[in-house]
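Here is a short tour of a protein model, written to be read with the structure open beside you. Let's look at how its parts pack together.

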Amino acid sequence: MLIEVDKSSGFCPGVVSAIRKAEEQLSQADNLYCLGDIVHNNEEVHRLELQGLKTIDHQQMAELHNAKVLLRAHGEPPSTYSLARQNNIDIIDATCPVVLKLQQKIRQMYESDPTLQIVIYGKHGHAEVNGLVGQTDSHAIVVESEKELCKIDFHRPVRLYSQTTMSVEKFRLLSAEIERRMVSPASFMCFDTICRQVANRIPHLREFASQHDVILFVSGRKSSNGKALFEVCHSVNPNSYFVSQPEDVLPETLSGESIGICGATSTPMWQMEHVAEHVKQLLG
């Protein structure tokens with residue numbers, strides 16, 4: 001049976017950079033704090049914890065003084081940087097350049113005219129979205145679907161942005177619906193801020209999933225990107241299975257002539273390769 005690991009899957013550049021920075025710091029010190037999971041993948045988080053990485057939340061950071069804290073690729077609101085200055089915390093900033101640029105764009109737009117309605121298409125409570133909302137002093141409107149467009153006053157100007165990992169197609173549909181509802185003379189501007197490093201994986205995964213009898217999609221349970229990309233695979237190939245570790249693979253699902261193993265932007269290549277090795281053992 002053919003077992004193929006998708007070489008185009010795995011960490012996106014932003015996550016690669018964050019992990020590299022963490023490893024560099026850990027090679028020079030016994031421990032390092034990280035604000036939130038460095039990546040939504042328990043196996044990778046555990047690997048780094050063994051090297052001395054300590055994951056903390058915002059409340060724990062408020063109690064820290066004279067320490068080093070890494071900010072993950074998702075980015076943080078201005079309030080986090082203010083807290084760091086107050087507590088003499090040395091920030092290791094691993095914010096993804098794409099996210100950082102988006103934060104700056106939103107901040108500049110908000111400061112240019114505070115009366116504008118800044119609308120962000122994204123997931124409520126997601127770390128990246130919290131960082132984006134923070135650029136507007138918490139005035140931005142977050143919408144996750146068309147059902148939430150009632151939050152917008154269509155008689156006032158609207159500027160629409162997107163969390164970097166959302167669906168391009170759904171963003172376009174949402175943008176079109178907002179524009180349709182706008183009441184003249186209120187203006188509407190849409191900014192496609194979706195990362196193509198992530199979005200371009202969708203057509204590739206569709207093709208990859210169609211080429212194999214069985215798909216094993218490897219991802220952490222907390223990864224929103226993982227859930228979305230798994231659905232892409234499953235829509236093309238019903239014999240797609242979500243696994244977070246090798247032990248999740250059920251022998252009875254391994255059938256046909258080929259098995260494809262792929263993953264989310266938060267899935268390390270080593271984890272997909274471990275799954276591949278486990279599958280080989282199961283098949284004897």
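## Packing in the predicted model

In this predicted model, a good place to start is Met-182: setting aside neighbours within four places in sequence, Met-182 is in contact with Phe-154, Arg-156, Val-158, Ser-187 and Phe-188.

Met-182 also belongs to the largest nonpolar core, which has 19 residues. Met-182 is listed there among the residues with the most contacts inside the core, together with Val-119, Leu-149, Ile-152, Val-158, Leu-160 and Ile-178. Val-158 thus turns up twice, as a contact of Met-182 and as one of those core residues. Four elements each supply at least two residues of this core, as the table shows.

| Element | Residues |
|---|---|
| β6 | 117–121 |
| β7 | 141–143 |
| β8 | 158–162 |
| α7 | 168–181 |

Helix α7 gives the largest share of this core, 4 residues. If you look elsewhere, you will find a second, separate core of 16 residues, with Ile-19, Ile-38, Ile-92 and Ala-94 among them.

Now for a pair of helices. How do α9 and α10 cross? The axes of α9 (residues 201–210) and α10 (residues 224–236) come within 8 Å, and they cross at roughly 40°, which makes α9 oblique to α10. The crossing is right-handed. On the α9 side, the contact is made by Ile-202, Leu-205, Arg-206, Ala-209 and Ser-210; α10 contributes Leu-229, Val-232, Cys-233 and Val-236. By type, the residues of this contact comprise 7 nonpolar, 1 polar and 1 charged.

How values were computed: Residues numbered from 1 in each chain as written. Predicted model: local features only at pLDDT ≥ 70, side-chain atom pairs only at ≥ 80, totals over all residues. Heavy atoms only, no water. Axes fitted to C-alpha atoms, helices over the stretch in contact; angles between N-to-C directions. Parallel < 35°, antiparallel > 145°, perpendicular 65-115°, else oblique. Left-handed = near helix turned anticlockwise from the far one by under 90°. Contact = heavy atoms within 4.5 Å. Nonpolar A, V, L, I, M, F, W, Y, C, P; charged D, E, K, R; others polar. Core = buried A, V, L, I, M, F, W, Y, C linked by side-chain atoms within 4.5 Å. Buried < 20%, exposed > 50% of the residue type's maximum accessible area, 1.4 Å probe, protein only.
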